Amino acid sequence: VGGMEDAVYFPIHRAKAGEIAGVGRLSPTTRTRVRPTFEIQKPRGDDDTSLEEYLAGVGIQFLESWGSRYPLFADFSQFGPEEKTADGKHCVEYFFRCLRQQSMLAIPMTGPESVRGPGYGYIEAVARIAEEDGRGAALRLPFDELSDARKLEHALADTLRVLKLASSSIDLFFDFETKAMLPEDSQSAAAIVSVLTEMLARIDGNGFRNVIICGCSVPERVTKEYEWSALRVERTEFSAW
């Protein structure tokens with residue numbers, strides 16, 4: 001995909017109105033260096049529009065904010081493999097059809113079957129999108145797969161087999177998720193570096209298009225004592241990077 005090699009920052013956002021609008025406020029220069037991921041949210045329970053209408057609306061928000069000049073990633077991690085639109089296909093396929101009609105440079109994201117299953121329905125849908133658009137796909141690996149060499153090797157081989165893509169068409173995301181959810185002995189910058197050093201050595205020479213390291217140190221909850229004062233937290237994932 002044109003311009004992917006120029007990007008230096010791959011933030012992951014929830015596809016909510018404020019976060020979608022936020023990327024639209026980036027300067028023209030910054031846009032050339034940023035490749036956002038949007039996690040598509042499920043419609044609210046009180047939303048009486050159809051799933052198709054809802055997804056088309058999100059696609060229009062993307063177009064109005066990000067435009068069609070630079071790539072972005074879209075992930076349906078909150079949707080199960082059985083969730084389909086009226087055409088009988090997984091809703092990720094309908095969403096990408098909407099983005100395609102708007103000439104957007106969207107790239108689908110998946111995880112391994114262990115987190116996107118049961119079964120390969122979602123990964124197969126991503127494979128069909130990648131085949132039609134010719135822009136490859138992104139593979140997001142959770143910490144559980146990263147911290148175990150055998151799980152990592154299986155996840156890579158198994159997912160690439162279903163995607164029917166060469167590693168050169170894959171953007172590989174090492175996702176350390178939220179620091180608070182990691183095992184206690186894996187929460188320090190040194191522990192993260194240790195895991196990464198081993199994992200990067202294992203994939204060395206595999207020729208992935210990009211290897212992205214992501215994580216978050218924002219606490220799950222901020223207590224009332226900080227309502228009128230700043231809570232400062234160490235960006236452990238940034239220190240590790």
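This briefing covers a helix and its surroundings, a cavity, a histidine and several salt bridges. The model is predicted. Helix 4, which spans residues 91-101, is largely enclosed by the rest of the structure, because 8 of its 11 residues are buried. The count of cavities of 30 Å³ or more comes to 1, and that of salt bridges comes to 17.

**Helix 4 and its cover**

- The buried residues of helix 4 are Cys91, Val92, Glu93, Tyr94, Phe95, Phe96, Cys98 and Leu99.
- The cover over these buried residues includes two helices, helix 3 (51-65) and helix 6 (121-133), together with two strands, strand 3 (72-75) and strand 4 (106-110).
- Arg100 of helix 4 forms a salt bridge with Glu132, with 3.6 Å between the closest N and O atoms; since Glu132 lies in helix 6, the pair ties together parts that are 32 residues apart in sequence.
- Within this pair, Arg100 is partly exposed, with a relative accessible area of 27%, whereas Glu132 counts as exposed at 55% relative accessibility.
- Just after helix 4, Ser103 takes a positive phi of about 60 degrees.

**The cavity**

- The largest cavity holds about 40 Å³ of space, and the residues that line this cavity are Phe176, Glu177, Lys179, Leu182, Ile192, Gly215, Cys216, Ser217, Thr236 and Glu237.
- Two or more lining residues come from each of strand 6 (170-178), strand 7 (210-216) and helix 10 (236-240).
- Sorted by class, the lining of the largest cavity consists of 4 nonpolar, 3 polar and 3 charged residues.

**His13**

- His13 is found in strand 1, residues 12-14, and has a relative accessible area of 17%, so His13 counts as buried, the cut-off being under 20%.
- The side chains of His13 and Glu19 are joined by a polar contact of 3.4 Å.
- Leaving aside residues up to four places away in sequence, His13 touches Glu19, Val23, Pro36, Thr37, Phe38 and Glu39.

**Salt bridges between separate parts of the chain**

- Lys42 and Glu83 meet through their side chains in a salt bridge with an N to O distance of 2.8 Å; Lys42 lies in the loop between strand 2 (37-39) and helix 3, and Glu83 in the loop between strand 3 and helix 4, so the pair ties together parts that are 41 residues apart in sequence.
- Both members of this pair are partly exposed, Lys42 with a relative accessible area of 38% and Glu83 at 21% relative accessibility.
- Glu153 forms a salt bridge with Arg202, the closest N and O atoms being 2.8 Å apart; this pair links distant parts of the chain, with Glu153 in helix 8 (residues 149-163) and Arg202 in helix 9 (residues 189-203), 49 residues apart.
- Glu153 counts as partly exposed at 43% relative accessibility, and Arg202 is likewise partly exposed, with a relative accessible area of 40%.
- Glu39, Asp75, Arg116, Arg140 and Asp175 are joined into one network by salt bridges that share partners; Glu39 is also one of the residues that His13 touches.

Technical notes. Residues numbered from 1 in each chain as written. Predicted model: local features only at pLDDT ≥ 70, side-chain atom pairs only at ≥ 80, totals over all residues. Heavy atoms only, no water. Buried < 20%, exposed > 50% of the residue type's maximum accessible area, 1.4 Å probe, protein only. Helix = DSSP H or I, 4+ residues; strand = E, 2+ residues; numbered from the N terminus. Contact = heavy atoms within 4.5 Å. 1 Å grid on protein atoms, 1.4 Å probe; cavity = no way out; pocket = protein on both sides within 12 Å on 5 of 7 lines; lining within 4 Å. Points joined across faces, edges and corners; volume = space filled by probe spheres on them. Nonpolar A, V, L, I, M, F, W, Y, C, P; charged D, E, K, R; others polar. Polar contact = N/O pair within 3.5 Å; in protein donor to acceptor, adjacent residues only side chain to side chain. Salt bridge = Lys/Arg side-chain N within 4 Å of Asp/Glu carboxyl O.
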